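Thanks for coming. I will take a few minutes to go through one structure, starting with some strands and ending with charged side chains.

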Amino acid sequence: MLYIIDIAFLIQVAKAIIIVAGAFILLSLTNRLISKVIGASNEDRKRVINNVKRFLQLVVYSVAVILVLWNFEIDVTGIIAGLGIGALVIGFALKDIIENWVSGFLIFSGKTYKIGDVIQVGEMKGVVTSISLRTTTLKTYNRNEIIMPNSLLLKEKIMNLTCGSKETVTNIVFSIDYVFDVDKAKAVIEVAIRCHPNVVVSAKRKREIRFLVRCKEWSTEIECLFWINSPENEEFIKSWISELVKKKLAEQKILPPIPAIMRKDFLERKE
């Protein structure tokens, strides 16, 4: 008995094969693009890439299955409607998680910051210790770990204080009474700052100690800006320098703002 091959069925099979092959090719190209954009430079990034790939596989394969069923003239209206309603419900239920995922992907692709960078978000400052699709973990100077949702980070103003480097600029403000010599005070402060091993001074690399002087009514503020090579210990470095500067200024009889009576006695002795 001779069976006649159904040409229409063969065309449907060929279309189904093309759909499946197209899904594989699309996933392959997309996976390469994601790996290139995010960059698998560490375990956190590799984990993010794997999560994104799994999500895309679910989406692409679901669409491919629907197209194959539709190709074989199977009614997929109910399936599409069910998927649409399900996606809507899941979208509302997981709105925050999805928002964090999208934000995490933007952070990775935009290379806003990476592990080891010191960033400042509002009044909060810390070292980035971990980045995932949903959250970023910061370690503050007092060794507390803060886990922040990525969506919140993108809504705030982010300052990357190191940008991949291990050096950053910091500042300390000192206040002395207006009767004292500013240049002498600056010299004392600079000597104290240079004593700290984590302070970087290099004219060739433009790592300088610079001063801003602000004259107030009864005092003079001296803001010192300098480079350090240990951003994660910034507060401890500033504390050490502040203590030493206070001691050195006192040795040179350079005092903070003093009461009016003491100031009068000082000026009379000076005359």
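**Strands and salt bridges**

I131 stands opposite T136 in strand β3. Keep in mind as we go that this is a predicted model.

That pair belongs to an antiparallel pairing: β2 and β3, the latter covering residues 135-139, are held by four bridges. The connection from β2 to β3 is a hairpin through three residues.

Now go back one strand. β1 is residues 118-121 and β2 is residues 124-131; these two also run antiparallel, joined by four bridges. Here V121 stands opposite M124 in β2. The hairpin of β1 and β2 has two residues between the strands, and G122 takes a positive phi near 65 degrees there.

That is it for the strands. On to the charged side chains.

Side chains of opposite charge can pair when their charged atoms come close. How many salt bridges does the count come to? The count is eight. I will show three of them.

The first on my list is R205 with E167, whose side chains meet at 2.6 Å, N to O. R205 is in the loop between β7 (199-200) and β8 (210-215), while E167 is in the loop between β5 (158-160) and β6 (168-177), so this pair ties together parts 38 residues apart in sequence.

Are the two partners buried or exposed? R205 has 41% relative accessibility, so it counts as partly exposed. E167 has 14%, and because buried means under 20%, E167 counts as buried.

Next, E167 also forms a salt bridge with R207, with the closest N and O atoms 2.8 Å apart. Again the pair links distant parts of the chain: E167 sits in the loop between β5 and β6, R207 in the loop between β7 and β8, and they are 40 residues apart. R207, at 17% relative accessibility, counts as buried.

The third pair is within one helix. E190 and R194 meet through their side chains in a salt bridge of 3.1 Å, N to O. Both lie in helix α6, residues 182-194, and they are four residues apart, about one turn of the helix. E190 is partly exposed, its relative accessible area being 25%. R194 counts as partly exposed too, at 48%.

Which residues are joined into one network by salt bridges that share partners? They are E167, R205 and R207.

That is what I wanted to show. I am happy to go back to any of these pairs.

Notes
Residues numbered from 1 in each chain as written. Predicted model: local features only at pLDDT ≥ 70, side-chain atom pairs only at ≥ 80, totals over all residues. Heavy atoms only, no water. Pairing = 2+ DSSP bridges. Salt bridge = Lys/Arg side-chain N within 4 Å of Asp/Glu carboxyl O. Buried < 20%, exposed > 50% of the residue type's maximum accessible area, 1.4 Å probe, protein only.
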